[in-house]
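Let's take a stroll through a protein model with the structure open beside us. Keep the viewer handy, so you can find each residue as it comes up.

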Amino acid sequence: MGILAFANLSKTLPGGRTLFSSISAAIDEPESVALLAPSGHGKSTLLRILALLDTASGGEVLLESKASSGWHPQAWRKKASYVAQQSVMLPGTVADNLHTFSRLHETPFDEAEATRLMKAAGLSSMDWAKEAETLSGGEKQRVALVRSLLAKPSVLLLDEVTASLDEHSKEAVEKLLLTVGSEAKPALVWVTHDMEQARRVSTRTWFMADGAFTACETALFFRRPPTEAAERFLQRQASEAGP
Amino acid sequence: MSLTAVAFTLLFVGITVFVSMRQKLGLERDIIIGTIRAAVQLMAVGLVLQAVFRTEHLAVLLPIIIAMIAVAAWHAAGRGKGLSGIAWRIGIAIAATEAMIMLLLLGLHIIASTPQYVISISGMTIGNAMVVAGLFLNQMKRDVESSRGEIETLLALGASVRQAIQLCMKRAVKASLIPTIDGMKTVGIVQLPGMMTGMIIAGADPMQAVRYQILIVFAFTSSAAVTSIILSLLSYKLWFTEAMQLRRLGNE
């Protein structure tokens with residue numbers, strides 16, 4: 001059974017600009033996918049559509065082979081969890097944030113799992129009674145990811161979650177996401193501008209530019225870019241990254 | 001107060017026009033239109049009230065109160081532009097508040113069931129509820145916009161729209177009640193309320209005027225709370241689409 005898929009998906013902005021048109025792809029196993037595109041070409045929008053936080057102009061999104069129209073948005077979002085670039089701490093302490101999912105859905109809080117995830121995130125010494133708003137950016141992002149992982153989603157939609165983090169926090173986030181959920185590992189869709197990170201964390205790459213969409217193995221994408229647009233994109237990224 | 005005395009009050013308008021001309025504020029036309037409108041509206045209300053106060057049947061007051069609620073709802077709905085169906089929701093919130101206040105006041109014989117009391121107190125209740133509804137919507141608009149990240153974080157964790165917007169609702173209800181509560185704390189010290197002052201000028205015993213003012217202050221506090229809470233419960237879904245996505249009101 002497929003985890004997440006989209007078919008003939010299109011998005012046109014209110015001003016009339018088409019971000020993407022009739023694109024299709026699927027994730028059939030808990031793999032890690034890098035979603036790459038030049039800025040402003042609809043990466044975040046696609047991710048938000050996959051989390052049902054935005055609406056497509058055409059086509060359909062499927063979770064567990066069932067179209068989104070057949071799902072209640074709440075049930076969908078419990079399984080396909082979106083994490084924004086700027087992590088938002090909800091009012092209260094770290095513990096309050098970690099308890100969010102169990103509080104919202106009146107399910108028992110898995111303290112052992114939360115402790116394990118916090119340790120995996122490099123936050124084992126963190127005081128859970130600390131006000132969440134006082135944490136550093138890197139700590140907030142890791143707590144936000146642990147908060148989402150406690151929902152045990154089948155797919156995690158990551159919108160440039162390491163973009164504003166220092167190297168140490170970035171490493172901790174990657175380690176957390178790649179080693180998490182040994183029993184039920186979630187599929188990951190990473191939006192990133194960091195090509196080295198895309199190489200490190202993903203097995204497949206989705207690339208979007210000028211409304212077109214290609215999907216291929218990450219190793220192949222970097223070795224032999226599938227389109228001219230992909231080649232130009234990688235050259236530009238390489239020149240921006242410097243020698 | 002004689003008509004000659006009323007005519008003399010035009011002197012105040014003259015002073016304002018003079019200041020506007022002297023300082024080149026360009027407000028003369030607005031001041032004159034405002035003066036004429038205020039005089040005509042108040043005279044018309046006076047005539048209507050004169051006729052209404054002669055009636056013995058409270059049912060006659062119903063269309064007047066409904067009209068007052070409709071105008072108040074329409075006016076407050078201006079604060080909720082982009083939220084379709086907000087006007088009738090405000091109308092229901094104000095009507096429920098008015099019904100509660102009147103049932104208590106008349107049911108417990110706190111006021112006499114005569115048009116003077118019913119219309120005057122209804123006017124104040126509905127006016128206050130209108131202001132509270134406007135404050136609530138203003139605060140909600142600001143808060144929802146500044147809390148988009150928080151709301152979408154909760155939605156992304158599978159929260160219902162009510163759970164996602166609960167904190168904004170709570171903050172907006174609180175903000176809409178603050179002026180009424182502050183007013184209650186300072187009444188009689190910082191400001192002498194209009195109704196009490198009016199009664200005293202009209203020759204009523206100050207202690208009698210104070211008793212009515214206490215009634216109004218307490219009734220206003222509960223009416224503010226009831227209006228704000230009912231409106232929050234009736235309107236929270238309007239901030240979301242049918243697909244449970246947070247709307248961008250500015251773009252619609």
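Below we look at chain A, then chain B, then some charged pairs.

**Chain A**

First, a thing to keep in mind: what you see is a predicted model. Chain A mixes both kinds of secondary structure, with ten helices and ten strands. If you draw a box around its C-alpha atoms along the principal axes, the box comes to roughly 50 × 50 × 35 Å.

How does the radius of gyration of chain A fit that of a compact globule? For 243 residues, a compact globule would have a value near 18 Å, and chain A has 18 Å, so the two agree. As for what is tucked away inside, 53% of the 243 residues in chain A are buried.

Want one buried residue to click on? Try V143(A), which sits in helix 6 of chain A. Its relative accessibility is 0%, and because buried means under 20%, V143(A) counts as buried. V143(A) also shows how folding brings parts of a chain together: S87(A) is 56 residues away from V143(A) in sequence, yet their C-alpha atoms are 8.7 Å apart in space.

**Chain B**

Now switch to chain B. Here you'll find ten helices and zero strands, so reading from the N terminus you meet one α element after another: α-α-α-α-α-α-α-α-α-α. The box around the C-alpha atoms of chain B, again along the principal axes, is roughly 70 × 55 × 35 Å. Of its 252 residues, 37% count as buried.

The domain assignment splits chain B in two: domain 1 covers 1-54 and domain 2 covers 57-251. The C-alpha centres of these two domains of chain B lie 29 Å apart.

There is also a record to look at. An unreviewed UniProt entry carries the annotation "transmembrane region" for residues 6-22, 34-53, 59-78, 90-111, 117-138 and 214-236 of chain B. What does the model show over two of these spans? Residues 90-111 of chain B are 82% helix and 0% strand, with the end C-alpha atoms 26 Å apart. Residues 117-138 of chain B are 100% helix and 0% strand, and there the end C-alpha atoms are 32 Å apart.

Which residues form a nonpolar patch on the surface? They are F12(B), I15(B), F18(B), V19(B), L25(B) and L27(B), and together they have about 620 Å² of accessible area. One of them, F12(B), is found in helix 2 of chain B, which spans residues 10-22. F12(B) has a relative accessible area of 58%, and since exposed means over 50%, F12(B) is exposed.

**Charged pairs**

Time for some charges. Side chains of opposite charge can pair when their charged atoms come close. Over all chains, the count comes to 17 salt bridges. Here are a few you can look up:

| Salt bridge | N to O distance |
|---|---|
| D110(A) and K152(A) | 3.7 Å |
| E228(A) and R232(A) | 4.0 Å |
| D182(B) and K185(B) | 3.9 Å |

Start with the salt bridge between D110(A) and K152(A). This pair links distant parts of chain A, 42 residues apart: D110(A) is in the loop between helix 4 (100-105) and helix 5 (111-120), while K152(A) is in the loop between helix 6 (137-149) and strand 7 (155-159). D110(A) is partly exposed, at 34% relative accessibility.

E228(A) and R232(A) show another arrangement. Both are in helix 10 of chain A (residues 228-241), and because they are four residues apart there, about one helical turn separates them. E228(A) is exposed at 62% relative accessibility, whereas R232(A), with a relative accessible area of 43%, is partly exposed.

How many residues apart are D182(B) and K185(B) in helix 8 of chain B? They are three residues apart in this helix (residues 161-186), so they are separated by about one helical turn. D182(B) is partly exposed at 37% relative accessibility, and K185(B) is exposed at 60%.

Charged residues can also link up in a network. In chain A, salt bridges connect E167(A), K170(A) and D194(A) in this way.

Key: Residues are numbered from 1 along each chain as its sequence is written. Chains are lettered from A and ligands numbered from 1 in the order in which they are written. This is a predicted model: local features need pLDDT of at least 70, side-chain atom pairs count only at pLDDT 80 or more; totals for chains, interfaces and linings use all residues. Side-chain values use heavy atoms; hydrogens and water are left out. Patches are made of residues with over 30% relative accessible area and no salt bridge: like charges are joined within 9 Å, nonpolar side chains (Val, Leu, Ile, Met, Phe, Trp, Tyr) within 5 Å. Accessible areas come from the Shrake-Rupley method with a 1.4 Å probe; for residues, only the protein chains shown count as cover. A salt bridge is a side-chain nitrogen of Lys or Arg within 4 Å of a carboxyl oxygen of Asp or Glu. Helices (H or I, at least four residues) and strands (E, at least two) are DSSP runs, numbered from the N terminus. Buried means under 20% relative accessible area, exposed over 50%, partly exposed in between (1.4 Å probe, protein chains only). UniProt positions are given in the numbering used here, feature names are shortened, and annotations may be inferred rather than shown by experiment. Domain bounds come from an automatic or database domain assignment. The radius of gyration is taken over C-alpha atoms; the globule rule is 2.2 Å times the number of residues to the power 0.38.
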